[in-house]
Amino acid sequence: MGIKGTAPVSWEEATSEDCLYLAIWTPANATTASKLPVLFFMTGGAFTTGGINIGWQKPTNWVERTQEHIVVTINYRVNIFGWPNARGLKEQNLGIMDQRAALEWVYENIEQFGGDRYKIVQWGQSAGSQSVDFHSYAFHDNPLVRGYFMQSGTALKSLGFSDYDQTNFTFVAKQFNCDFPNPAAELECMRQIPFAQISNFIGQYSDNGTEPALSFSVVPDERLIFSDYPARSAAGKVAHRPAIISNCANEYASLITYPVNNLTAGPDPDAVLEGDLTDWICPTANSTLLRNQQNIPVYRYQNAGQYPNLNPFRWLGAYHASDLPMNFGTYPIQEYLGNSTTFEAEVSRTMQDHILAFLKDPLNGPQSLGWQPVNSSLVSGGKVLRFGADGKAVQQVDRVEIDGPCRGIGQYNQFP
């Protein structure tokens, strides 16, 4: 096949408490002398789900096509196991610690698989993308990577944290008779409960729409997760490494509550637009400005393509995560919705080639393809690549077309 991989012993075991694995895809002929660049990928899933065993996030086709890079994907703890916010714990952001431990392992060991520890780019999508940005601030003085790729999410996206009294973990503990005033006793009791029972309770609680809602996500601790990222950036406490920051044109369409009685019509477009700007586009615009102010090169792109096998409804447009099959080259496995197209294949290859150029040389590589970093702290400064729109694999558009509405300039085009 022209590729070799290292992965967990069993792909079939989808859920296990023994979960902290990573998977490595390398060209078949890679040796310790190859010194290939490495993409270190962290999956999304709203900090509640995700993992390496996801079909459209396996880079087999991409690595086989190029034979020029390695892709590593990782598991990390999520939901109550990754961000417990428990009274008996000192560290609450265990998922972030898992991510860092995996990166440290790759840094120390990737040369055995043909990689170069000094050519790692940290990449994530959605919650994984936010996590990438979290790392750029938390480990600004020892990043271990030479570039960042943030795909649909930055540290400036609202954390939505509200459990300052640490009641959510205790509420779950009470359901398993771990109702102890002493935090250490509560925690020790919960450690004896099978993880599947805890996971099932939280899932059913959420599925039933029970109130008050339970939420387990990253916790501001001012060590790994910060409450004021603009202040951190202004103080220079962000890794000075080039970055790609990207979005889909219609992120929120797949995240809003669907109109089950009229799926063809779709949700309220004004509500989708508000979600696009508030949760995705404007945090990206603001994150770009912060880095520009620190003279950090930022390359920007927008995924705007929509294809028969990825879009069951036209109103979805280029929805959140619809670029993942394009990145990984796995779009053909989605053909249960329709046939993939030659244009889709062209867009996928073009997108991969631009990312690979960044991976090979984050500072100058994209410029060899005519992709320049946005070059000003002003919203009008620079060009953004747009993939898949208007029958073009890639084109360059003024940054103001995307970021402008975040500054009250113009209208945002969702490409529905």
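**Salt bridges and burial in a predicted model**

Let me start with one residue: Asp98 comes out as buried, at 8% relative accessibility. The cut-off for that label is under 20% relative accessible area, so Asp98 falls on the buried side. Before going on, I should say that this is a predicted model, and every value I quote is computed from it.

What does the side chain of Asp98 meet in a salt bridge? The partner is Arg77, with a distance of 2.8 Å from N to O. This pair connects distant parts of the chain, 21 residues apart: Arg77 sits in the loop between strand S4 (70-74) and helix H2 (79-82), and Asp98 sits in helix H3, residues 94-109. Arg77 has a relative accessible area of 28%, which makes it partly exposed. The pair therefore joins a partly exposed arginine to a buried aspartate.

While we are in helix H3, note Ala101, which also lies there. Ala101 is partly exposed, with 41% relative accessibility. Its C-alpha atom is 9.6 Å from that of Tyr76, and the two residues are 25 apart along the chain.

Now the other salt bridges. As general background, side chains of opposite charge can pair when their charged atoms come close. How many salt bridges does the structure hold? The count is 14, and I will go through some of them.

Take Arg65 and Asp353, whose side chains form a salt bridge with N and O 2.8 Å apart. Here the two partners are 288 residues apart, Arg65 being in helix H1 (residues 60-66) and Asp353 in helix H11 (residues 342-360), so to speak a link between distant parts of the chain. Arg65 is partly exposed at 38% relative accessible area, and Asp353 is partly exposed at 33%.

Then there is Asp398 with Lys383, where the closest N and O atoms are 2.5 Å apart. Asp398 belongs to strand S10 (residues 394-398) and Lys383 to strand S9 (residues 383-387), so this salt bridge ties together parts 15 residues apart in sequence. Are these two side chains in buried or partly exposed residues? Both labels read partly exposed: Asp398 has 36% relative accessibility, and Lys383 has a relative accessible area of 39%.

Salt bridges can also be linked into a network, and in this model Lys35, Glu111 and Arg117 are connected that way.

On charge overall, the protein has 28 positive and 40 negative charges. The mean positions of these two sets are 8 Å apart.

Next, the fold as a whole. The protein has 12 helices and 10 strands. Its radius of gyration is 21 Å, close to the 22 Å from the globule rule for 416 residues, so the protein is as compact as a globular protein of that length. The C-alpha trace spans about 60 × 55 × 50 Å along its principal axes. Of the 416 residues, 55% are buried. Counting contacts between residues at least 6 apart in sequence, 74% join residues at least 24 apart. The accessible surface is about 17700 Å², and 50% of it belongs to carbon and sulfur atoms.

For a local view of burial, look at helix H5, residues 167-175. Which residues of H5 are buried? They are Asn168, Phe169, Thr170, Val172 and Ala173. The cover over these buried residues includes H2, helix H6 (183-191) and helix H7 (195-207). In general, an α-helix has 3.6 residues a turn, so residues three or four places apart point the same way.

H5 is followed by Asn177, which has a positive phi, near 60°. That brings me to the backbone, and two further residues.

Phe47 has a positive phi near 65°, and it is a residue other than glycine. It is placed in the loop between strand S3 (36-42) and H1. With a relative accessible area of 5%, Phe47 is buried.

Asn85 is another residue other than glycine with a positive phi, near 50°. Its place is the loop between H2 and H3. Asn85 is buried as well, its relative accessible area being 6%.

To close where I began: Asp98 is buried, and its side chain meets that of Arg77 in a salt bridge. That is what I have.

Conventions: Residues are numbered from 1 along each chain as its sequence is written. This is a predicted model: local features need pLDDT of at least 70, side-chain atom pairs count only at pLDDT 80 or more; totals for chains, interfaces and linings use all residues. Side-chain values use heavy atoms; hydrogens and water are left out. A salt bridge is a side-chain nitrogen of Lys or Arg within 4 Å of a carboxyl oxygen of Asp or Glu. Helices (H or I, at least four residues) and strands (E, at least two) are DSSP runs, numbered from the N terminus. Buried means under 20% relative accessible area, exposed over 50%, partly exposed in between (1.4 Å probe, protein chains only). The radius of gyration is taken over C-alpha atoms; the globule rule is 2.2 Å times the number of residues to the power 0.38. Contact means heavy atoms within 4.5 Å. Accessible areas come from the Shrake-Rupley method with a 1.4 Å probe; for residues, only the protein chains shown count as cover. Lys and Arg count as positive and Asp and Glu as negative; His and the chain ends are not counted. The place of a charge is taken as NZ of Lys, CZ of Arg, CG of Asp or CD of Glu.
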